[in-house]
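Student: I am new to this structure and would like a close look at a single part of it. Could you choose one helix and take me through its surroundings with care?

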Amino acid sequence: MLDHPVIMNVMQQGDALTLLRLLPEAYASLAFFDPQHRAVLDKLKFGNESARQKGRAGLPAMSDEYIDSVCLEIARVLKPGGYLMRWIDTFCLCEGHHLRTPRQHIKPVDLIAWDSLHPGMGKRSRRRGDYLLVLQKPPIKAGATWRDHGIPSRWAEKVDRSIHPHIKPIGLIARLIGATTQPGDIIIDPAAGSFNVMNAAHQLGRNFIGCDLKFGGDRNTAIGAMAAPFEEKPVGSFSAKER
Ligand SMILES: C[S@@+](CC[C@H](N)C(=O)[O-])C[C@H]1O[C@@H](n2cnc3c(N)ncnc32)[C@H](O)[C@@H]1O
């Protein structure tokens with residue numbers, strides 16, 4: 001059993017970077033990261049933000065430096081050959097934000113375009129979904145690390161934005177978990193929003209560690225959320241089978 005206060009398989013409220021820094025090196029098999037930033041709304045300045053977009057703007061936002069630090073921490077926490085599934089919008093992809101993370105730590109190896117089937121905004125084309133950048137921690141190997149070769153690089157799936165304004169498609173998330181991990185493996189999502197990565201992980205018998213600064217029921221003082229008593233289940237004491 002590890003002697004740190006991170007808990008597994010629950011919705012924790014807390015800070016992404018603090019959580020990641022508590023985790024040991026080469027510990028998790030897979031990570032998802034969906035950063036919260038205002039870059040698109042700030043740059044596009046549509047001026048006619050809907051109530052839902054204003055709701056998005058009300059979420060805590062991350063600076064570029066913070067996002068880069070999270071990516072580096074994820075690279076540290078991943079096992080060699082493990083994947084980071086990073087959600088990225090058109091603006092950040094065109095600006096190459098992911099290139100700020102040195103390739104020797106984690107390298108882009110694939111890109112999946114998610115079609116939400118729900119037209120959004122855009123000064124030229126209208127946004128309909130986001131991109132999922134697949135990054136791998138060296139050694140870069142496909143055959144030994146990716147089992148499902150039926151996942152298309154264009155993925156259409158509707159989502160229910162009433163659950164979370166930025167919710168991502170759980171069907172795609174589940175396929176990616178199935179392709180790259182085994183039952184009992186640890187999957188992390190340090191800015192989990194709706195915690196749909198946790199739900200998909202649990203459906204497939206995987207373990208989950210993650211948090212969100214605003215969402216999540218179990219407040220964990222160790223990762224920077226408001227103080228509240230909680231029943232601590234240290235990492236290693238809770239297996240997927242026990243749920
Ligand atoms: C884009 S959303 C994630 C949505 C999620 N992928 C889903 O499918 O539901 C980003 C989330 O990051 C959270 N957040 C912002 N700053 C954070 C921080 N410092 N630590 C943890 N979470 C943070 C926001 O509250 C928001 O829920």
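Tutor: What follows looks at helix α4 and at the core to which it contributes. Please keep in mind that this is a predicted model, and that the protein as a whole has seven helices and nine strands, with 35% of its 243 residues counting as buried. Helix α4 runs over residues 64-77, which makes 14 residues, and from its first C-alpha to its last it reaches 20 Å, close to the 20 Å expected at 1.5 Å a residue. Within α4, the buried residues are Ile 67, Val 70, Cys 71, Glu 73, Ile 74, Ala 75 and Val 77, and these buried residues pack against one helix and several strands, namely α1 (16-22), β2 (28-33), β3 (78-88) and β7 (186-189).

From here we can turn to the largest nonpolar core, which has 46 residues, and in which α4 supplies the largest share, six residues. Ile 74 of α4 is among the residues with the most contacts inside that core, together with Ala 28, Ala 31, Phe 33, Leu 84, Ile 187 and Val 197. If you follow Leu 84 in turn, leaving aside residues up to four places away in sequence, you find that Leu 84 touches Ile 74 as well as Ala 31, Phe 33, Leu 78, Ile 106 and Leu 135. Looking at the whole protein once more, among contacts with a separation of 6 or more, 72% are between residues 24 or more positions apart.

Note on methods. Residues are numbered from 1 along each chain as its sequence is written. This is a predicted model: local features need pLDDT of at least 70, side-chain atom pairs count only at pLDDT 80 or more; totals for chains, interfaces and linings use all residues. Helices (H or I, at least four residues) and strands (E, at least two) are DSSP runs, numbered from the N terminus. The expected span of a helix is 1.5 Å times one less than its number of residues. A residue is buried if 20 or more other C-beta atoms lie within 10 Å of its own, exposed if 12 or fewer, and partly exposed in between; C-beta atoms are placed from the backbone. Two residues are in contact if their C-beta atoms, placed from the backbone, lie within 7 Å. A nonpolar core is a set of buried Ala, Val, Leu, Ile, Met, Phe, Trp, Tyr and Cys residues joined through C-beta atoms within 7 Å.
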